[in-house]
Amino acid sequence: MAGMRNIIKKIVEDTYKELVKDGVLPDGEIGSGHLISVPKMEKHGDYASNFGLVMAASLKMPPRKLAEIMKNALSNNPDFQTIEVAGPGFLNFFFSNEFWQKRLLKIKKEGEAFGQGSEGAGKKVLVEFVSANPTGPLHVGHGRGAAVGDSLCRILKAAGFQVDSEYYINDVGNQMNTLGRSVYLRYQEYFGKEVEFPDECYKGEYIKEIAKEIAERHGDRFLHKDMEECLDFFTREAVDRIFAGIREDLDIFRVHFDNWFSEKTLHDSGYVEETISMLMDKGVIYEKDGALWFKTSEFGDEKDRVVKRSNGVLTYFAADIAYHRNKLERGYDMLVDIWGADHHGYVPRVKAAIEALGHDPKRLSVLLVQLVNLIEGGKLKAMSTRAGEFVTLRQVLDDVGVDATRFIFLTRKCDSHLDFDLDIARKQSQENPVYYVQYAHARLCSVFATARERGVEILPHSKIDLTLLKDPEEIRLMKFLVRFPEVVTASAVNLEPHRVSYFLTELAGMLHKYYTKHRFIGDDPELTQARLLLADVTRTVLKNGLTLLGVDAPEKM
RNA sequence: CCGCCCAUAGCUCAACUGGAUAGAGCAACGGACUUCUAAUCCGUAGGUUGGAGGUUCGAGUCCUCCUGGGCGGGCCA
């Protein structure tokens with residue numbers, strides 16, 4: 001179902017073209033500035049067009065006069081109850097009650113599919129997120145990226161895109177050695193050996209636990225071996241365990257990946273080397289001081305970057321170039337990378353790489369997710385990764401629950417810092433907005449439970465008199481429900497999941513208000529039938545929306 | 001020094017990519033349960049959108065400068 005705004009936009013623009021053809025209005029190009037919006041105030045209509053304002057200059061006419069001419073021509077359309085010219089030259093459209101009532105039936109028919117759109121039809125998208133190094137458990141910051149990425153995948157799918165989600169595993173490099181070394185040392189310590197624990201090693205408790213498990217399983221057979229000899233073993237053990245933990249955490253968090261992509265495979269297959277060769281052939285690689293440099297500055301980056309160090313080792317960036325080449329070669333039209341905001345300096349060089357490889361850098365969108373401040377007792381909780389002092393995602397999930405955590409992460413724009421107040425998140429009360437939405441859903445479910453108990457038979461649509469739904473609150477609710485698919489589409493196109501959660505909060509508010517003022521099940525059987533349909537549709541939209549956020553829609557609370 | 005992000009009610013955040021009188025929730029105060037769930041609703045109060053200019057029919061949103069906060073600027077990842 002095409003969004004209302006697109007429908008109206010087309011009607012307005014077609015009408016203009018008719019008027020041009022008839023010689024009523026001068027010809028002019030309709031720019032991208034023409035927008036259909038939902039006015040903030042009800043008296044400004046259900047939808048508004050800024051056509052008069054946008055076209056006034058090029059057509060050399062006063063905006064209000066232009067709007068007036070448009071209004072007269074548009075009034076032929078029976079769907080519009082009234083059209084007003086208002087303010088500096090807006091066209092305000094008011095639809096009839098019957099129009100909204102009919103829409104309600106359409107939503108009912110679409111059911112679970114309501115909200116889905118075709119904006120992304122035929123487009124393949126790869127969303128890469130979390131991609132945390134397997135050197136420790138996920139922390140709260142990763143959780144934010146996970147929630148945003150997972151929800152975005154759901155939303156993009158709903159908007160018609162073909163979506164794959166992917167976790168890029170950085171299983172190569174110094175950090176892997178550091179990890180293995182850390183476990184090795186803790187293993188030595190476990191058997192009472194005194195060791196010097198270097199500052200760059202991972203100091204978290206989980207390292208000790210891994211060392212302990214290895215000791216319990218393998219005894220002291222590595223105790224007298226050189227680190228060089230058994231480093232691979234310790235590294236592999238550590239990575240496997242940490243990864244198992246990460247996957248478990250993500251599973252609990254309802255975050256699922258289609259692919260787990262290992263950096264190591266890019267190196268092992270020679271794909272990274274091959275990619276660098278390709279760039280060399282294109283003449284964008286040069287040698288300096290014994291290292292290979294990529295001329296990213298020619299593609300808008302601040303300065304050139306090393307892809308191969310003078311010691312012959314490829315950089316992380318080299319692998320990342322190869323990785324993005326690989327993504328594009330897999331046939332994705334659009335790439336979405338979700339990174340922590342501390343990696344923002346990395347964006348220009350990856351875009352440079354994509355361009356140098358002959359692709360449009362606009363195919364990559366990088367979502368920079370800002371950091372999360374954990375607040376408890378009104379105070380900021382210190383987070384030091386190296387020192388191993390940080391609150392893990394798992395701890396937060398065990399503490400406040402998946403729904404509340406996801407909702408908090410998804411009720412904010414990505415590019416602003418997030419204060420995660422544990423005290424508020426913990427509260428199962430009105431302070432916590434997730435329950436506000438869930439409660440609306442649960443309330444509606446209990447309406448139907450009551451209807452069943454009282455033996456109210458739900459009639460087929462054809463026998464329901466929808467014109468009985470004419471109360472202002474009912475009309476308002478119907479209008480709002482109709483907007484859902486547009487919200488989903490806008491959320492997908494702009495890569496902003498928070499739009500869905502704000503929509504749901506507002507919808508829940510309307511429902512609660514209605515619930516307090518009116519009764520779904522009343523003495524009038526016909527009105528009851530009509531209202532139950534409204535309840536049913538509202539429940540569906542709430543559930544569809546919550547599903548996009550990965551939040552449960554409970555039937556009871 | 002340079003670059004990116006942020007700054008909106010006491011607090012946490014919105015504002016549909018430039019629209020009309022900037023909105024919610026929490027906190028504060030005052031009300032509403034004999035009813036399908038009061039995890040709710042109604043009302044009151046709360047603002048020079050950090051500051052100063054500029055762009056135009058119109059700016060929280062765009063451009064410049066300033067202030068304050070966050071993060072980057074390795075042949076680390």
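Before you start clicking, one term: a contact means heavy atoms within 4.5 Å. You'll need that for several of the stops below.

A word on the ground rules, too. This is a predicted model, in which local features need pLDDT of at least 70 and side-chain atom pairs count only at pLDDT 80 or more, while totals for chains, interfaces and linings use all residues. Residues are numbered from 1 along each chain as its sequence is written, chains are lettered from A and ligands numbered from 1 in the order in which they are written, and side-chain values use heavy atoms, with hydrogens and water left out.

**Stop 1: the whole of chain A**

Select chain A and show it as a cartoon. You're looking at 20 helices and 15 strands; these are DSSP runs numbered from the N terminus, with helices being H or I of at least four residues and strands being E of at least two. Along the principal axes, the C-alpha atoms fill a box of roughly 90 × 65 × 40 Å.

Of the 557 residues here, 51% count as buried. Buried means under 20% relative accessible area, exposed means over 50%, and partly exposed is in between, using a 1.4 Å probe and protein chains only. Switch on the surface and you have about 26100 Å² exposed, with carbon and sulfur atoms supplying 48% of it; such areas come from the Shrake-Rupley method with a 1.4 Å probe, and for residues only the protein chains shown count as cover. Among the contacts in chain A with a separation of 6 or more, 73% are between residues 24 or more positions apart.

**Stop 2: L314**

Now pick L314, in the loop between β10 (305-308) and α11. Which residues does L314 touch, not counting those up to four places away in sequence? Light up H267, V272, E273, I276, V307, K308 and R309. L314 counts as buried, at 15% relative accessibility. For a distance to try in your viewer, go from the C-alpha atom of L314 to that of H267: they are 47 residues apart along the chain and separated by 9.1 Å.

**Stop 3: RNA strand B**

Time to bring in RNA strand B. There are 68 residues around it, the closest being K43, Y439, S446, N494 and Y502; a residue is near a strand if one of its heavy atoms lies within 4 Å of it. Of the RNA atoms that come within 4 Å of the protein, 64% belong to sugar and phosphate.

Three spots to zoom in on:

- H498, where a polar side-chain atom lies 2.9 Å from a phosphate oxygen of the RNA.
- T450, with a polar side-chain atom 3.2 Å from a sugar or linking oxygen of the RNA.
- F520, where a backbone N or O atom sits 2.9 Å from a base nitrogen of the RNA.

The elements that give two or more residues to this surface are β4 (90-95), α6 (174-190), β9 (291-294), β15 (418-421), α16 (433-453) and α19 (498-517). Which one gives the most? Color α16, which supplies eight residues. By class, the surface near the RNA has 25 nonpolar, 23 polar and 20 charged residues.

**Stop 4: the salt bridges**

Side chains of opposite charge can pair when their charged atoms come close. A salt bridge is a side-chain nitrogen of Lys or Arg within 4 Å of a carboxyl oxygen of Asp or Glu, and the whole structure has 34 salt bridges.

Select E42 and R476 to see one at 2.5 Å, N to O. E42 is in the loop between β1 (36-37) and β2 (47-49) and R476 is in helix α17 (residues 472-482), so the pair ties together parts that are 434 residues apart in sequence. R476 is partly exposed, at 28% relative accessible area.

Next, show D46 and K479, which meet in a salt bridge at 2.6 Å, N to O. D46 lies in the loop between β1 and β2 and K479 in helix α17, so this pair joins parts 433 residues apart in sequence. Is D46 buried or exposed? D46 counts as buried, at 8%, whereas K479 is partly exposed, at 23%.

Then jump to K327 and E128, whose closest N and O atoms are 2.8 Å apart in another salt bridge. K327 is in helix α11 (residues 316-329) and E128 in strand β5 (residues 124-128), 199 residues apart. K327 is buried, with a relative accessible area of 0%, and E128 counts as buried at 5%.

Last in this group, select E213, R217, E237 and R241, joined into one network by salt bridges that share partners.

**Stop 5: T540**

Finish on helix α20 (residues 525-549), where you'll find T540. T540 is buried, with a relative accessible area of 18%. Leaving aside neighbours within four places in sequence, T540 is in contact with G111 and E112.

Conventions. A polar contact is a pair of N or O atoms within 3.5 Å; within protein, one must be able to donate a hydrogen and the other to accept it, and residues adjacent in sequence count only if both atoms are side-chain atoms. Ala, Val, Leu, Ile, Met, Phe, Trp, Tyr, Cys and Pro count as nonpolar, Asp, Glu, Lys and Arg as charged, and the others, Gly among them, as polar.
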